[in-house]
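I opened the model to look up a few things. Below are my notes, one topic at a time.

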Amino acid sequence: MRTILTSGQIRQADEYTITHEPIASVDLMERAARAFVDEFAKRYPQKKLTIALYCGTGNNGGDGLAIARLLYERGYQEVKVTVAHFGSRSTNDFDENLRRLRSRPIPLKEISSAVEVGTEDSDIIIDALLGTGLNKPISGDFELLVKKLNDIRKPVVSVDIPTGFFADEEIPENAACIKSELTITFQQPKINFLLPESFPAVKEWVAVDIGLDQQFIQQLGSPYQYIQAEDVKAMLKKRERFSNKGSYGHALIVAGQPETMGAALLCSAACVHAGAGLTTAYIPQSGLFALNSYMPEIMAIVRDPKSFTQISWSKFSGLAIGPGLGQDDEALTLLKLVTAHFQKPMVVDADALNVLAKYKELWRFLPKGSILTPHMKEFDRLFGEHKNWRQRVETARQWAQERELFIVLKNTYTIIATPEGKVYFNSTGNPAMATGGMGDVLTGVISALLSQNYTPAEACLAGVYVHGLAGDELALPDQRHVVLPHKVAEHVPVVLTKLMA
Ligand SMILES: NC(=O)C1=CN([C@@H]2O[C@H](COP(=O)(O)OP(=O)(O)OC[C@H]3O[C@@H](n4cnc5c(N)ncnc54)[C@H](O)[C@@H]3O)[C@@H](O)[C@H]2O)[C@H](O)CC1
Ligand SMILES: [K+]
């Protein structure tokens, strides 16, 4: 896991590293600037580029000055620097880097008002005006300068954070900020980079390591974590040589209506592909023909009222309810039936979540450790309207803790809130996956893992990661065209094989 800290915690880690490594703060700044330049040079190898750096007078500006010097040393000779003296006192490391810069033949302009900035004809702009020190929305000269830089419509690469962008707090409405093409951020992504409101300020980000003390970072106990391949690799269990289908559990998928049978098929098929020993779909009679011809590996129980009393619930080791289920009386009956008889953690998705939103008294019957997998609209139906995703993250965190459930809020970086109060952001997945049926596949994958005896935490974390990775591998290079959900389901074994290699 990569721990995600708030700006305040980053500052603490910064200070701890300076004292305990030990390293002079100006040398840490040099290390950060070098990491930035390494990444910049990979992305923009053309040494003839004309580059305009805009620096504030805090440490973000200090980074900018060091970056200008290091770029020049790397052979980027067309670098020029503008320093904005807009009121705040300069930091010592800024002063030291200004002194170092002055000894190089790099054009330097110091301004005290945004009006002094004329037209900008450089190929690329590097934004080092403000970073994590931001404490209120920018106004006055900063706002005017940011507007001017955005209006130039040249690619902007931001140092650490786009100027004016709030890294981890709720972003105030209409707060002005730089719209960056790329943000090269230090050590870890900032929380808001992982939420939709970061667009268009953060079109793309990359985190570069600056060697802050890892032990100290862990000990800060941040609830926010970013899921990496190694985490999932450590969870996955290989099939044993002398195992049989009984070793991998039996999943029951309660899903589908005559008009939405596809959801039941996709979910059940994904469950088969993700390795459940047996998968049974609990569907209406009208879906039987489709099910048997779509995938003969899936078994069925026909969903007539007689069946309600005949199911032997204890033989199932995993269960999902919701995809394409509808929200009529039958759906309510089924949710009541399932929560009354199935005592293990289950996956609650789609229409079952909408039923749950209408009949709040059912909450208390959900087995502890169950997994709710809402998309944004289902989430708001369950928990009320939210103005932004930052609020949703906190709501998910509180509810998951209070109700001892897992909440998987689907998004580009799917958010998983746990009963322990942790919030994980998934690092796989892409816009090509934004299409109907993709959530049904995710539910199938998670239920398959539950039925194979993975813990609910493992099922959520590995399930979202594997599902997203399958989508990443199948997407066309620009990730802007659709990937079909059934193909994602079929690709799950390939991804699992690679992760277990
Ligand atoms: N550990 C790391 O990640 C490292 C980060 N570095 C860089 O340092 C900046 C943070 O620097 P800091 O001096 O704390 O703040 P800023 O440069 O972002 O801001 C300067 C100053 O501006 C004032 N300010 C805040 N909000 C506003 C506003 N709305 N309008 C005007 N002025 C404002 C406030 O007083 C700030 O103190 C981090 O982003 C990295 O780039 C280190 O170089 C290496 C280690
Ligand atoms: K910046």
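**Helix α4.** I am working from a predicted model. I asked first which residues of helix α4 (residues 92-102) are buried. I found Asp93, Phe94, Asn97 and Leu101. Around the axis they cover an arc of only 100°, so they sit on the same side of α4. I noted the general rule: an α-helix has 3.6 residues a turn, so residues three or four places apart point the same way.

Then I checked the other side of α4. There, Asn92, Arg99 and Arg102 are exposed.

Next I looked up what covers the buried residues of α4. The cover includes two helices, α2 (25-43) and α3 (59-73). It also includes the strands β3 (79-84) and β4 (108-111).

**Ligand 1.** How many residues surround ligand 1? I got 30. The closest are Gly58, Asn59, Asn60, Gly131 and Gly133.

I then asked which helix gives the most to this shell. It is α3, with five residues. I had already listed α3 in the cover of the buried residues of α4. Helices α1 (7-20), α2 and α3 each supply at least two residues of the shell.

I also sorted the shell around ligand 1 by residue class. It divides into 13 nonpolar, 13 polar and four charged residues.

**Annotated domain.** I looked up the record last. UniProt, in an unreviewed entry, places "domain: YjeF C-terminal" at residues 228-499. In the model, the end C-alpha atoms of residues 228-499 lie 11 Å apart. I read the span as 44% helix and 12% strand.

Methods:
Residues are numbered from 1 along each chain as its sequence is written. Chains are lettered from A and ligands numbered from 1 in the order in which they are written. This is a predicted model: local features need pLDDT of at least 70, side-chain atom pairs count only at pLDDT 80 or more; totals for chains, interfaces and linings use all residues. A residue is buried if 20 or more other C-beta atoms lie within 10 Å of its own, exposed if 12 or fewer, and partly exposed in between; C-beta atoms are placed from the backbone. Helices (H or I, at least four residues) and strands (E, at least two) are DSSP runs, numbered from the N terminus. The arc is that of the directions from the helix axis to the C-beta atoms. Two residues are in contact if their C-beta atoms, placed from the backbone, lie within 7 Å. UniProt positions are given in the numbering used here, feature names are shortened, and annotations may be inferred rather than shown by experiment. A residue is near a molecule or strand if its C-beta atom, placed from the backbone, lies within 6 Å of it. Ala, Val, Leu, Ile, Met, Phe, Trp, Tyr, Cys and Pro count as nonpolar, Asp, Glu, Lys and Arg as charged, and the others, Gly among them, as polar.
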